[in-house]
Amino acid sequence: MAATDYEAFFQDYVQAFNQSLVEDASDFIRASYAEYFVSAGVGEAVQGGANDEKYADILRKGAEFYRALGFRKMSLLEIEVTPIDEGHDMARPFFRADYVRRDGTPVSIDFDLVYMLQKRADGPKIFAFVAGDEIALYRKYGLVDESGKPA
């Protein structure tokens, strides 16, 4: 199987995410995911779901939340890739998210996620991801209040 260009894959993912801040880009984001995928966050139940219109609604609501936080753009910093077998890899992209607080103060937050990807003829598809405690990070930077609502 040919080498997978994860740099291009995640650059496209970042571009779609950034586009979602100004218009609905849920179809572009969903194109990165398999038909069904699993997510796990800190202290949350492990969840699985279909890559369907319900997921598109979740993505649109997520974009609204990020806009309310003052999110301006995300950048890809680097990627670590660990091969699992001939058809699967684990990728750990490192991102930077830029925000502007309501008082006009800019803030940049570096973070990473772990993605499990299946290699396919039409490109990789995310079938699982593991995320850190996003809300705790936002609290640390004063972007959300104690209840997790935009500050």
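Where is the place of Val81? In this predicted model, Val81 sits in strand E3. With a relative accessibility of 37%, Val81 counts as partly exposed, because that value falls between the 20% and 50% cut-offs. Setting aside residues up to four places away in sequence, Val81 touches Tyr6, Asp89, Met90 and Ala91. Val81 and Tyr99 are 18 residues apart in sequence, yet their C-alpha atoms lie 28 Å apart in space.

Two other residues of strand E3 are worth a look. Leu76 also has its place in strand E3, and this residue is buried, with a relative accessible area of 11%. Leaving out neighbours within four places in sequence, the contacts of Leu76 are Glu7, Phe10, Gln11, Val14, Pro93, Phe94 and Phe95. Leu76 and Asp110 are 34 residues apart along the sequence, and 9.7 Å separates them in space, C-alpha to C-alpha. Phe71 is found in strand E3 too. At 5% relative accessibility, Phe71 counts as buried, since buried means under 20%. Beyond its neighbours within four places in sequence, Phe71 is in contact with Phe17, Asn18, Leu21, Tyr66, Ala97, Asp98 and Tyr99. One of these, Asn18, is 53 residues away along the chain, with 9.2 Å between the two C-alpha atoms.

Phe71 leads on to the nonpolar core. The largest nonpolar core has 33 residues, and those touching the most other members are Phe10, Tyr33, Phe71, Tyr99, Tyr115, Leu117 and Tyr138. Which elements give two or more residues to this core? They are helices H1 (6-19) and H3 (53-69), together with strands E1 (33-40), E3 (71-85), E4 (88-100), E5 (106-112), E6 (114-118) and E7 (125-130). Helix H1 gives the most, with seven residues. As for Tyr115, its contacts, apart from neighbours within four places in sequence, are Phe10, Tyr13, Tyr33, Asp89, Met90, Ala91, Pro93, Ile126, Ala128 and Phe129. Phe10 and Tyr33 thus turn up on this list as well as among the core members that touch the most others.

Next come the empty spaces. Rolling a probe the size of a water molecule over the atoms shows where empty space is left. The second largest pocket holds about 210 Å³ of space. Its lining is made up of 13 residues, and the closest to the pocket centre are Phe9, Asp12, Tyr13, Phe28 and Ser32. Which element supplies the largest share of the lining of this pocket? That is H1, with seven residues. Sorted by character, the lining of the second largest pocket splits into seven nonpolar, four polar and two charged residues. Helix H1 therefore has a part in two places, as it gives seven residues to the core and seven to the lining of this pocket.

Two polar residues round off the picture. Ser26 is found in helix H2, which spans residues 26-30. Is Ser26 buried or exposed? Ser26 is buried, because its relative accessible area is 3% and buried means under 20%. Its side chain makes a polar contact with the side chain of Arg60, at 3.0 Å. Not counting residues up to four places away in sequence, Ser26 touches Ala56, Leu59 and Arg60. Asn51, on the other hand, has its place in the loop between strand E2 (47-50) and H3. Asn51 is buried as well, since its relative accessible area of 16% is under 20%. The Asn51 side chain reaches the backbone oxygen of Ala34 at 3.3 Å. Apart from residues up to four places away in sequence, Asn51 touches Arg30, Tyr33, Ala34, Glu35 and Phe37.

Key
Residues numbered from 1 in each chain as written. Predicted model: local features only at pLDDT ≥ 70, side-chain atom pairs only at ≥ 80, totals over all residues. Heavy atoms only, no water. Helix = DSSP H or I, 4+ residues; strand = E, 2+ residues; numbered from the N terminus. Buried < 20%, exposed > 50% of the residue type's maximum accessible area, 1.4 Å probe, protein only. Polar contact = N/O pair within 3.5 Å; in protein donor to acceptor, adjacent residues only side chain to side chain. Contact = heavy atoms within 4.5 Å. Core = buried A, V, L, I, M, F, W, Y, C linked by side-chain atoms within 4.5 Å. 1 Å grid on protein atoms, 1.4 Å probe; cavity = no way out; pocket = protein on both sides within 12 Å on 5 of 7 lines; lining within 4 Å. Points joined across faces, edges and corners; volume = space filled by probe spheres on them. Nonpolar A, V, L, I, M, F, W, Y, C, P; charged D, E, K, R; others polar.
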